[in-house]
Amino acid sequence: MTTFATTLLLGGRIHSPAAPDATAIAIRDGVVAWLGSDDVGRALHPDATVVDLEGAFVAPAFVDSHVHLTATGLTVVGLDLRTATSLPHLLTLLAEHAAQHPDGIIWGHGWDESGWPERVVPTTADLDGVLGGRPAYLARVDVHSAADAAGFSAQGPLTADAHHRVRAAARDLLSATQRRDAQRAALDLAARNGIVAVHECAGPDIVGYWGEAVDDAGAARELLARTGAHGLAGDLFIDGALGSRTAWLQQPYTDAPSCCGNTYLDTDAVTAHLLACTEAGTTAGFHVIGDAAVATVVEALERTVAAFGAPAVARCGHRLEHLEMVDAEQARKLGAWGVVASMQPNFDALWGGADGMYAQRLGVDRARGLNPFALLASQGVPLAFGSDSPVTSINPWESVRAAISHRTAGSAISARSAFLAASRGAWRAGGVRDGMTGTLVPGAVASYAVWQVPGGADALDVTAPDDAVQRWSTDPRSRVPVLPPLGPDDELPTCLQTVHRGELIHG
């Protein structure tokens, strides 16, 4: 008979729906074995290896539902332009990086002219003035347009197919070692932020979700077998992004009255892909942002439900990435069909509000309806939160805070709902639906993170947004698991350890 060693963590606070007041947790063979009080834990597990949490907070590990690993790693080890506050500042950062890294292509990410005082984009001439003929790829924050200095005659940022081609060419200049180092750097960054799994959504470049359309079930099965992908989803583009004015709109952009964005897949192509994946029993999904793109995918889903029935569609766990412009009737239908909304709360934190990029592109009235977390949750749409890293910070607490501090009144959700979307909900979006993974209950896989919370255990609480009706009580006697304070001025928790399936991966 095999005997497994037990690790007993005590002296902290454990986030568990099974034991909301627990201060101790026992782990055996990579599985949660027990939760409760310190004294009982010591009595039940006298031979355990004891770890004193010293007041730390133990919670289920996070899962990021939308990540671009190589691009994230290249931002970690390359040129991060998210700090650029103006065009001259960007050029200064570029010059400094080029001087420090004199060889090879310069890979940069994150410039966002919508927050600059001049609100003008970098041109090829600007970059050539700094780099001469040296190749560089500098992606806008949404990665849907980019400036380059590799000999193209066009002065403005590239978009659509031109951008995709130049991005592919830039990636071809990276060595296999550079790619591996970037991916390892991204995974290390995730682990340092309490994340144990990511949904790779980079399209047909890295196995994860494979962003390639098919038109019959046989082609779907063959592509899955050949790639080892988890689904034909992720960044399969129906449209582009609002910041680059490539998201597909029903009405023109406020700041570009002749432009309604880009269309990459029409209703027939989206329908064919959904029918093929549903028949094959695998997840289909799309990058969808603009309201015209959302209308297209909802119509295609209606056709798929008519062909196979709502239960068959729901079993596949089809998913929509971003889903920023969705109305109440569309949300009702998506909830009825079990379609997952894989969303990024930090989009609202970065670009929402009366003066943000959304309002610049769409006007204040249309901008107010973006990223409606409360609406989707109220209609039963499964939510999974991610970062779209490197577009926004990979820190999951920032995502949770953004979801509970939505810039539009009535669109926020509670900290509990946001935390679940960034943990258990993201596991479910990836097809793990055993009812336990993503929680700390007896029998669940021991994937968790240990956090130092400013203010200690006394700061942990049950909170709710002021403008939302809750389905649970915030009274301590209700035994709802507590979370750290996540107000706009609160310091976020620091990750001390990350453990996946009982194995330490950070700390």
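Which residue in strand 18 is the bridge partner of Val 58? In this predicted model, the partner of Val 58 is Val 450. The two strands concerned, strand 6 (residues 57-60) and strand 18 (residues 448-452), run antiparallel and are joined by 4 bridges.

**Confidence and overall make-up**

The average pLDDT of the protein is 90, and 90% of the residues score at least 70. Residues 471-478 are an exception to note, since pLDDT stays under 50 there. For this segment the model has 12 contacts beyond four places in sequence. Where pLDDT is low, the predicted coordinates should not be read in detail.

The secondary structure consists of 18 helices and 20 strands. Of the 507 residues in the protein, 56% are buried. Among contacts between residues at least 6 apart in sequence, 71% join residues at least 24 apart.

**Strand pairing**

Strands 6 and 18 belong to an open sheet of 5 strands, in the order 2-6-18-19-20, with mixed pairing. Strand 2 (13-14) and strand 20 (503-506) stand at the edges of this sheet, and each has a single partner strand, so one side of each is left without a neighbour in the sheet.

A hairpin is formed by strand 3 and strand 4, with 2 residues between them. Strand 3 covers residues 24-28 and strand 4 covers residues 31-36; their pairing is antiparallel, over 5 bridges. Ala 24 has Gly 36 in strand 4 as its bridge partner. In the turn, Asp 29 has a positive phi of about 55°.

**Cavities**

The model has 4 cavities of 30 Å³ or more. The two cavities at the top of the size order are set out below.

| Cavity | Volume | Nonpolar lining residues | Polar lining residues | Charged lining residues |
|---|---|---|---|---|
| Largest cavity | about 100 Å³ | 8 residues | 4 residues | 3 residues |
| Second largest cavity | about 60 Å³ | 7 residues | 3 residues | 1 residue |

The largest cavity holds about 100 Å³ of space. It is lined by 15 residues, of which Asp 142, Ala 241, Ile 289, Phe 347 and Trp 351 are the closest to its centre. Helix 12 (346-351) and helix 13 (357-362) each supply at least two residues of this lining.

About 60 Å³ of space lies in the second largest cavity. Its lining includes Phe 62, Val 63 and Asp 64, together with Ile 195, Phe 385, Gly 386, Ser 387 and Ile 394. Pro 396, Ser 399 and Ala 422 also line the second largest cavity. Two or more residues of this lining come from strand 7 (62-67) and from helix 16 (396-404). Strand 7 gives the most, with 3 residues.

**Arg 361**

Is Arg 361 buried or exposed? Arg 361 has a relative accessibility of 2%, and because buried means under 20%, Arg 361 counts as buried. This arginine lies in helix 13, an element that also contributes to the lining of the largest cavity.

Leaving aside neighbours within four places in sequence, Arg 361 is in contact with Glu 113, Arg 140, Leu 242, Gly 243, Arg 245, Tyr 253, Thr 254, Asp 255 and Arg 366. Glu 113 and Asp 255 are among these contacts, as are Arg 140, Arg 245 and Arg 366.

Note on methods
Residues are numbered from 1 along each chain as its sequence is written. This is a predicted model: local features need pLDDT of at least 70, side-chain atom pairs count only at pLDDT 80 or more; totals for chains, interfaces and linings use all residues. Side-chain values use heavy atoms; hydrogens and water are left out. pLDDT is the predictor's confidence in each residue, from 0 to 100. Contact means heavy atoms within 4.5 Å. On a 1 Å grid over the protein atoms alone, a cavity is a set of points where a 1.4 Å probe fits but cannot get out, and a pocket is an open set with protein on both sides within 12 Å along at least five of seven lines; lining residues have an atom within 4 Å of a point. Grid points are joined across faces, edges and corners, and a volume is the space filled by probe spheres set on the points. Ala, Val, Leu, Ile, Met, Phe, Trp, Tyr, Cys and Pro count as nonpolar, Asp, Glu, Lys and Arg as charged, and the others, Gly among them, as polar. Two strands pair if DSSP finds at least two bridges between them. Buried means under 20% relative accessible area, exposed over 50%, partly exposed in between (1.4 Å probe, protein chains only).
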